[in-house]
Amino acid sequence: MYAQLVKSEGSKSRDEMTPEEIAFQDRIDRNEKIEPKEWMPEGYRKTLIRQIGQHAHSEIVGQLPEGNWITRAPTLERKAILLAKVQDEAGHGLYLYCAAETLGVSRDELLEKLHSGNMKYSSIFNYPTLTWADMGAVGWLVDGAAIMNQVPLQRTSYGPYSRAMIRICKEESFHQRQGYDIMMKMCAGTPEQKAMAQDALNRFWYPALMMFGPSDKDSVHSAQSMAWKIKMNTNDELRQKFVDQTVPQAEYLGLTVPDPDLKWNEDKGGYDFSEPDWSEFFAVIAGNGPCNAERLGARVKAWEDGAWFREGLMAHAAKAEDRARAARHAAE
Ligand code: BYC
């Protein structure tokens, strides 16, 4: 698959590379990590800023659909767990913004691009969370898909990104398990609770499949990103692994995956399944999903509401700096 992609989309061949680019590619091929101050092709730096930045934004925007349920969690224990999960996501966003900053872009620049609609975040967060069962489905499916994508990224070629992913993946597995635990409780509950769990699966199944990005034939960046080991797998490879892992989990819950064409394929050793509606995916990433305006509006409002605090911090830092300078002069 990788060879096919490289061929069809043509990342640079060795003949087209400069000596510096060849030396860089050789380091990647030897699985050496690239560190911030080292030489890198401009395209590598830009691709990383795009992917890490989008990933950071996804974590921060991803807090919103779940944050919505903190005040309505059914028990004190569920509330504490959900609160911890949503806080973890803020932490993930911050590690990732820091990793992006090592590439020479500031957090403010990245946020400005998010707020002006010039940078994306994961399509999944543009869907509403309508019931408590959605907290189960989000943890089980959305965090499950995120882990499937992020575990290989622990081996990504850029050192700061790879190290951030190691820590994030540890926390993501707790997130996935808490979601599945909610689903188990709902499915062992009343018929109404089980119906809520089924409804949540029905609504989140295809949006979760879309998280892996467009099918390989429509993926613009995969070939070059895989040659640079910024991405370790194609979108379709990870989507297939996710389906193969998740279907038995749905069966264990006694739920039905909303795909009449889902069928085990003995020859390929995996499930055949229906593709998501790609026109819906492209509409969502173009800004026209069910909750795009609400999500972006919430982030812009949070940024504007926090202006007084950022200004206060800067004023405090400037005063502290002035005092330190005066103390240094007095000591001389
Ligand atoms: N949503 O050439 P392609 C999480 C864009 S959430 C929006 O295949 P690439 C979490 C893509 O950016 C998960 N946009 O792109 C869980 C490109 O547009 P641009 C966040 C998408 O980059 C719970 C265009 O489509 N994870 O962690 O090679 C709570 C063509 O696509 C999506 C990451 O970000 C999408 N689903 O592959 C809180 C993981 N898919 O940029 C948080 C790191 C594609 O040219 N990212 N697009 O305008 C990746 O692994 C890759 O960037 C992707 C896409 C697999 C997502």
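**Reading the ligand site and the core**

Modeller: In this predicted model, 31 residues surround the ligand, and the closest of them are Lys-120, Ser-219, Val-220, His-221 and Lys-231.

Biologist: How many residues of each class does the shell around the ligand have?

Modeller: A shell can be sorted by residue class, and here the shell around the ligand has 13 nonpolar, twelve polar and six charged residues. As for where they sit, helix H3 (42–61), helix H7 (133–153) and helix H12 (278–288) each supply at least two residues of that shell.

Biologist: Which side chains place an N or O atom beside an oxygen atom of the ligand?

Modeller: A polar contact is read as a pair of N or O atoms within 3.5 Å. The side chain of His-221 has such an atom 2.6 Å from an oxygen atom of the ligand, and the side chain of Asn-235 has one 2.8 Å from an oxygen atom of the ligand. From the backbone, an N or O atom of Ser-123 lies 2.9 Å from a nitrogen atom of the ligand. The protein covers 91% of the 1000 Å² of accessible area that the ligand has on its own.

Biologist: Is Ser-58 buried or exposed?

Modeller: A residue counts as buried when its relative accessible area is under 20%. Ser-58, which is found in helix H3, has a value of 12% and is therefore buried. Not counting residues up to four places away in sequence, Ser-58 touches Tyr-121, Ser-122 and Phe-125.

Biologist: Which residues of the largest nonpolar core touch the most other members?

Modeller: Of its 76 residues, these are Tyr-44, Ile-52, Trp-140, Tyr-158 and Phe-242. Leaving aside neighbours within four places in sequence, Trp-140 is in contact with residues including Tyr-180, Met-183, Leu-201 and Leu-253.

Notes. Residues are numbered from 1 along each chain as its sequence is written. This is a predicted model: local features need pLDDT of at least 70, side-chain atom pairs count only at pLDDT 80 or more; totals for chains, interfaces and linings use all residues. Side-chain values use heavy atoms; hydrogens and water are left out. A residue is near a molecule or strand if one of its heavy atoms lies within 4 Å of it. A polar contact is a pair of N or O atoms within 3.5 Å; within protein, one must be able to donate a hydrogen and the other to accept it, and residues adjacent in sequence count only if both atoms are side-chain atoms. Accessible areas come from the Shrake-Rupley method with a 1.4 Å probe; for residues, only the protein chains shown count as cover. Helices (H or I, at least four residues) and strands (E, at least two) are DSSP runs, numbered from the N terminus. Ala, Val, Leu, Ile, Met, Phe, Trp, Tyr, Cys and Pro count as nonpolar, Asp, Glu, Lys and Arg as charged, and the others, Gly among them, as polar. A nonpolar core is a set of buried Ala, Val, Leu, Ile, Met, Phe, Trp, Tyr and Cys residues joined through side-chain atoms within 4.5 Å. Buried means under 20% relative accessible area, exposed over 50%, partly exposed in between (1.4 Å probe, protein chains only). Contact means heavy atoms within 4.5 Å.
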